[in-house]
Amino acid sequence: PIKSLTEMRSIEDQVIGNNAQNAAVSWTGGKDCNLALLRAWRAAHLKVTCLVVFCPNEARFRAHPLEFMEAQAKELDLPLHRIVFSKNGTDYKQMYVDAIES
């Protein structure tokens, strides 16, 4: 079994089919997004092009430290895009959609 992100990248080339669509993986640095990345990595209809982290514009952030996520992305040779949003709103889904579209 694959034990680390670096090992995944060095042992397993991404499976990319002829009509693969670009995909971004939502990233927090934890086990759930690692599994999502592995599944997308192995899906021939997807081409993982980047990782995306949604973070509030305030300093307090409940995910893994951004520096940790940046190190993971660097090891995977994937860009990490930060989508900053305000915590003042109440419709988080709409804030995510607005941030992605901007």
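**Exercises on a predicted chain**

Glutamine 72 counts as buried, because its relative accessibility is 9%. Here buried means a relative accessible area under 20%, exposed means over 50%, and partly exposed lies in between (1.4 Å probe, protein chains only). The model is predicted: local features need pLDDT of at least 70 and side-chain atom pairs count only at pLDDT 80 or more, while totals for chains, interfaces and linings use all residues. Residues are numbered from 1 along each chain as its sequence is written, and side-chain values use heavy atoms, with hydrogens and water left out.

**Exercise 1. Place glutamine 72 and find its side-chain partner.**

Step 1. Find the element. Glutamine 72 sits in helix α3. Helices (H or I, at least four residues) and strands (E, at least two) are DSSP runs, numbered from the N terminus.

Step 2. Find the partner. The glutamine 72 side chain makes a polar contact of 3.0 Å with the side chain of tryptophan 27. A polar contact is a pair of N or O atoms within 3.5 Å; within protein, one must be able to donate a hydrogen and the other to accept it, and residues adjacent in sequence count only if both atoms are side-chain atoms.

Step 3. Look at the rest of the helix. Leu66, Met69, Gln72, Ala73 and Leu76 are buried in α3. They lie on the same side of α3, because they cover an arc of only 120 degrees around the axis. The arc is taken from the directions from the helix axis to the C-beta atoms.

Step 4. Turn the helix over. Exposed Glu67 and Lys74 are on the face turned away from the buried side of α3.

**Exercise 2. Lay out the elements of the chain.**

Step 1. Count. There are 4 helices and 3 strands.

Step 2. Order them. From the N terminus on, they run α-β-α-β-α-β-α.

Step 3. Check burial. Of the 102 residues in the chain, 34% are buried.

**Exercise 3. Check the length of α2 and sort its faces.**

Step 1. Take the expected span, which is 1.5 Å times one less than the number of residues. For the 12 residues of α2 (residues 31-42) this gives 16 Å; the end C-alpha atoms are 17 Å apart, which agrees.

Step 2. List the buried residues. They are Cys33, Asn34, Leu37, Leu38, Ala40 and Trp41.

Step 3. Look down the axis. The buried residues of α2 fall within an arc of 165 degrees, so they line one face of the helix. An α-helix has 3.6 residues a turn, so residues three or four places apart point the same way.

Step 4. Take the other face. Turned away from the buried side of α2 are the exposed residues Lys31, Asp32 and Arg39.

**Exercise 4. Describe the nonpolar cores.**

Step 1. Fix the term. A nonpolar core is a set of buried Ala, Val, Leu, Ile, Met, Phe, Trp, Tyr and Cys residues joined through side-chain atoms within 4.5 Å.

Step 2. Take the largest core. It has 15 residues, and Val25, Trp27, Leu37, Val48, Leu51, Leu78 and Leu80 have the most contacts inside it. At least two residues of this core come from each of α2, β2 (46-56) and α3 (66-76).

Step 3. Take the second core. This separate core has 6 residues, among them Val52, Ile83, Phe85 and Met95.

Step 4. Follow leucine 80. Apart from neighbours within four places in sequence, leucine 80 contacts Trp27, Leu51, Val52, Val53, Met69, Glu70 and Ala73. Contact means heavy atoms within 4.5 Å.

**Exercise 5. Examine cysteine 50, then search for disulfides.**

Step 1. Place cysteine 50. It lies in strand β2. It is buried, with a relative accessible area of 10%.

Step 2. List what cysteine 50 touches. Not counting residues up to four places away in sequence, these are Ala23, Ala24, Val25, Leu78, Pro79 and His81. Cysteine 50 and leucine 78 are 28 residues apart along the chain, yet their C-alpha atoms are separated by 5.2 Å.

Step 3. Search. The whole structure has 0 disulfides. A disulfide is a pair of cysteine sulfur atoms within 2.5 Å.

**Exercise 6. Compare two residues of one loop.**

Step 1. Take glutamate 12, in the loop between α1 (5-11) and β1 (21-26). Glutamate 12 is buried at 17% relative accessibility. A polar contact of 2.6 Å links its side chain to that of arginine 42.

Step 2. Take asparagine 19, also in the loop between α1 and β1. Asparagine 19 is exposed at 71% relative accessibility.
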